[in-house]
Amino acid sequence: MLDHLLQGLSQILSTKRVYVFLLDAEGEELFCVKSVSGEVPDFDSRDERLLSFVLHTSRRVGTKTLEASAEPLIRALGEYARLDYIPILNLNRPIGGLVLVDGPAGTSEREFDLISLSLTQLGGPLRSATDLQIPNSAPSEKDSAQAIRKRTLFLVHQLKSPLAAVQQLLTVLVEGIVGELNEKQKELVQRALTRVRTQLDMLSDWLMGEYASLGIAEEHLGPVVLKAALKEAVKAARSKVKMRGVQVVLQGLDPDTTVQGDKELLTSAFRHVIHNAIKFSPDSGLVSVVLQREPKGVRIVVKDQGPGVALKDLPFVFDDFFYSKDPALQDKVDSGTGLSLAKKVLKAHGGWIKVRNRSEGGLETAMFIPAD
Amino acid sequence: MAVRILVVDDDYDMVETVKLFLDAQGFEVTTAYDGESGIVSAATAAPDLCLVDLVLPDMDGRELAKAIRGMAGCEQTRVLLLTAMGGRQAVEAYLGDGEDSADAYMEKPVNFKELKSSIEKLLNIA
């Protein structure tokens with residue numbers, strides 16, 4: 001049955017990159033036991049994030065029921081057919097977790113639901129690819145990047161306008177333009193202002209992320225001097241967060257290091273990563289930002305001395321609107337769009353971003369941008 | 001003589017808060033809530049400056065700016081476009097190529113200090 005399932009999925013998704021991994025009983029190491037292509041993917045068997053992803057999916061599929069019709073499955077598979085990496089879920093919990101994975105990219109809740117249902121349904125006689133209607137993925141004029149940008153802008157405008165008005169009403173109050181408030185009134189209005197500003201920032205970040213997902217617009221593509229972009233990002237990050245004595249140290253800033261890209265998008269991505277590092281740092285902590293030239297590009301590594309990311313959260317830190325539910329961190333969480341934006345921006349530039357917990361404590365975020 | 005400013009936006013709260021601030025600064029403020037009313041108000045008030053929302057119910061802000069500038073007595077009127085979409089790049093992406101009839105753009109929500117600074121710069125006043 002498993003071979004049948006793998007071949008079927010490979011046909012439907014038009015990829016040979018369908019693998020079977022086995023998680024050992026202790027949950028500490030992964031083994032690739034089958035692949036459609038016959039090749040074993042290059043992966044770290046003890047990769048913390050991959051293990052966390054597998055453990056999470058193992059827990060989820062165990063409770064999933066067979067309720068959905070084939071339509072959501074077909075749509076989901078049609079969407080995934082465009083991707084190089086398709087995360088698929090646990091099949092058999094009693095042996096410790098059997099997962100079909102093509103990359104530890106992390107999976108949204110919706111993807112979990114749809115894929116787990118598809119696997120359970122496909123456990124029976126497998127339909128051939130010709131029986132399924134895969135949505136036409138050829139872009140139409142309607143879906144051109146420009147048209148999508150325009151629709152996205154209008155949507156954001158509609159969402160932001162009422163919030164902008166609320167912020168202005170509150171600002172009029174707190175600045176005493178219509179009379180002075182007492183201290184308690186001022187405090188409450190300030191708190192309301194903070195909430196509104198966070199929502200507005202979230203919408204702006206989301207818009208920027210959507211833009212990045214559509215690719216870099218040609219008119220915005222040019223040489224980006226990374227030293228200047230990082231300095232600007234640090235300055236912008238400082239203006240948005242209470243520093244509490246946290247030191248930000250920039251290293252390896254060669255003034256000649258440039259990459260081709262969108263300066264505004266890259267600076268925004270850097271700002272979010274540095275902002276998070278400062279925010280989660282202890283008082284008087286140290287955040288280091290190191291720029292390293294490599295043969296194929298440039299790596300930027302941001303390290304902090306904060307609490308790091310819980311293992312169970314690692315696969316999701318780059319998801320839209322994800323934030324930690326840890327009660328101890330609730331005063332630091334915000335819109336949950338910063339890292340997802342950073343990922344979209346780096347991906348649009350042909351690069352990547354990864355996080356890992358440091359053995360000495362804190363988080364390390366590495367970003368890579370290709371360059372000649 | 002007081003500086004005359006026309007504020008055009010279909011959001012009543014936005015109009016009121018901006019008017020409250022501008023009144024407190026000593027400007028003479030008139031208001032309108034759509035493009036057609038904005039044109040009528042401009043014809044009556046001959047403003048020195050218009051603060052115009054980009055997206056109005058009956059026209060976009062750049063069209064209104066062009067219409068006002070084409071009226072007798074308003075040829076020198078400055079126009080500051082307000083938008084919740086983002087900065088100039090966002091506006092250009094939304095409106096596409098076309099005549100840029102605004103003197104400046106500002107993102108909503110408006111920062112009152114920046115608004116005052118922009119007004120002073122556009123009108124060359126201290």
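Visitor: What makes two residues count as being in contact?

Guide: Two residues are in contact if their C-beta atoms, placed from the backbone, lie within 7 Å. By that criterion, in this predicted model, the contact draws on 20 residues of chain A and 18 residues of chain B.

Visitor: Which elements give two or more residues to the side of chain A that touches chain B?

Guide: They are α5 (145–174) and α6 (183–213) of chain A. The largest share, 15 residues, comes from α5(A).

Visitor: How many residues of each class does the side of chain A that touches chain B have?

Guide: By class, this side has 10 nonpolar, 6 polar and 4 charged residues. Gly counts as polar in this division.

Visitor: What is the order of the elements in chain B?

Guide: From the N terminus on, the elements run β-α-β-α-β-α-β-α-β-α, with 5 helices and 5 strands in chain B.

Visitor: What makes a residue of chain B count as buried, and what share of the chain is buried?

Guide: A residue is buried if 20 or more other C-beta atoms lie within 10 Å of its own. Buried residues make up 44% of the 126 residues in chain B.

Visitor: Which elements of chain B have the lowest and the highest mean pLDDT?

Guide: Helix α4 (residues 88–95) of chain B has the lowest, 65, and strand β1 (residues 4–8) of chain B the highest, 97. For chain B the mean pLDDT is 88, and 87% of its residues reach 70 or more. Where pLDDT is low, the predicted coordinates should not be read in detail.

Methods: Residues are numbered from 1 along each chain as its sequence is written. Chains are lettered from A and ligands numbered from 1 in the order in which they are written. This is a predicted model: local features need pLDDT of at least 70, side-chain atom pairs count only at pLDDT 80 or more; totals for chains, interfaces and linings use all residues. Helices (H or I, at least four residues) and strands (E, at least two) are DSSP runs, numbered from the N terminus. A residue is buried if 20 or more other C-beta atoms lie within 10 Å of its own, exposed if 12 or fewer, and partly exposed in between; C-beta atoms are placed from the backbone. pLDDT is the predictor's confidence in each residue, from 0 to 100.
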